[in-house]
Amino acid sequence: MAARPSLAAVVLAAGYSRRMGAFKPLLPFGSTTVIERVIATIREAGVETVRVVVGWRADRLIPVLERSGVPWVMNERYAEGMYGSVQTGVQSLPAGVSAFFLLPGDMPLVQGATLIRLIADWYARPGGIRYPCHEGKRGHPPLIAGTYIYEILRETPSSGLRELLARHTQNAREIECGDPGILIDLDTPDEYRQSVEKRDLA
């Protein structure tokens with residue numbers, strides 16, 4: 001896949017993993033880990049500019065990221081919730097990024113083809129937001145125009161990024177991707193077990 005130099009991805013991996021009872025990014029996933037599978041998916045789509053936002057247990061995650069050659073950025077305010085990680089991630093992106101994916105680090109079943117489909121639609125009609133959908137349901141990761149970065153950094157909406165992006169519905173497109181992985185995150189041990197089974201059957 002050709003590189004997409006004007007696109008980027010922010011991966012959120014700073015949270016507590018409370019419901020899982022284990023550190024989600026480093027859980028085994030096939031021959032790799034959850035976070036490495038997420039990063040590999042992004043790279044499959046030709047997106048080379050990646051920032052992983054770390055926080056809780058950063059000391060365990062950073063060595064894995066550095067071995068993978070993935071830049072990371074520390075969210076010192078990770079205890080305050082996810083929006084601080086979003087702000088930390090987008091603030092770290094280089095100037096000139098035209099759009100960025102925002103992907104939770106606990107969604108290893110998202111397919112690279114889904115990102116490629118969103119990118120293709122973006123280049124056909126640049127601007128706004130692209131939401132991947134599966135059977136009419138929005139999932140992750142959205143592809144968000146870089147023009148929204150200033151607004152993201154300037155504000156802290158009470159309902160987080162969802163509230164901010166909802167203001168721009170007129171500039172959003174939903175792209176059916178046929179990818180159930182966009183709806184599957186790993187919050188609990190059961191969800192993790194089921195995701196590993198799905199991966200093994202793929």
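Me: Before I look at helix H1, what does "buried" mean here?

Reply: A residue counts as buried when its relative accessible area is under 20%, and since this is a predicted model, every such value describes the prediction. In helix H1, which spans residues 34-44, the buried residues are Val34, Ile35, Val38, Ile39, Thr41 and Ile42.

Me: Where around the axis of H1 do those buried residues lie?

Reply: The general idea is that an α-helix has 3.6 residues a turn, so residues three or four places apart point the same way. In this helix the buried residues cover an arc of only 155° around the axis, which puts them on the same side of H1. After the helix comes Gly46, whose phi is positive, near 85°.

Me: Which residues does Ile42 contact, if I leave aside its neighbours within four places in sequence?

Reply: With those neighbours set aside, Ile42 is in contact with Ala9, Val11, Val47, Val50, Leu103 and Leu115.

Me: How should I read a nonpolar core, and which residues have the most contacts inside the largest one?

Reply: In soluble globular proteins, nonpolar side chains tend to be buried together. Here the largest nonpolar core has 57 residues, and those with the most contacts inside it are Ile35, Ile42, Val52, Phe100, Ile152 and Leu161. Strand S1, residues 7-13, supplies the largest share of this core, namely 7 residues. Apart from it lies another core, of 8 residues, which includes Met20, Leu27, Val34 and Tyr192.

Me: Turning to the strands, which residues of S6 point each way?

Reply: In strand S6, residues 99-104, 6 of its 6 residues are buried; Ala99, Phe101 and Leu103 point one way, while Phe100, Leu102 and Pro104 point the other way, and all are buried.

Me: In which sense, parallel or antiparallel, does S6 pair with S1, and in which sense with S9?

Reply: S1 and S6 pair in the parallel sense over 6 bridges, with Val10 standing opposite Leu102 in S6. The pairing of S6 with S9 is antiparallel and has 3 bridges, and within it the bridge partner of Phe100 is Ile144 in S9.

Me: How many residues of S7 are buried, and which of them lie on each side?

Reply: Strand S7, residues 129-134, is mostly covered, with 6 of its 6 residues buried. Ile129, Tyr131 and Cys133 lie on one side, and Arg130, Pro132 and His134 on the other, so that both faces are covered.

Me: Which strands does S7 pair with, and how are they oriented?

Reply: S7 runs antiparallel to S9 (residues 143-145), to which 2 bridges join it, and Ile129 stands opposite Ile144 in S9. With S10, residues 172-176, S7 runs parallel and is joined by 5 bridges; in that pair Pro132 stands opposite Ile175. A further 2 bridges join S7 to S8, residues 137-138, in the antiparallel sense, where Cys133 stands opposite Arg138.

Me: Which residue takes a positive phi in the hairpin of S7 and S8?

Reply: The hairpin has 2 residues between its strands, and Glu135 takes a positive phi near 50°.

Me: As a last case, is Ser85 buried or exposed?

Reply: A single residue can be judged against the same cut-off, under 20% relative accessible area. Ser85 counts as buried because its relative accessibility is 4%. The place of Ser85 is in helix H3, residues 82-91, and, not counting residues up to four places away in sequence, Ser85 touches Leu12, Ala14, Val53 and Asn75.

Notes:
Residues numbered from 1 in each chain as written. Predicted model: local features only at pLDDT ≥ 70, side-chain atom pairs only at ≥ 80, totals over all residues. Heavy atoms only, no water. Core = buried A, V, L, I, M, F, W, Y, C linked by side-chain atoms within 4.5 Å. Buried < 20%, exposed > 50% of the residue type's maximum accessible area, 1.4 Å probe, protein only. Helix = DSSP H or I, 4+ residues; strand = E, 2+ residues; numbered from the N terminus. Contact = heavy atoms within 4.5 Å. Pairing = 2+ DSSP bridges. Arc of directions from axis to C-beta.
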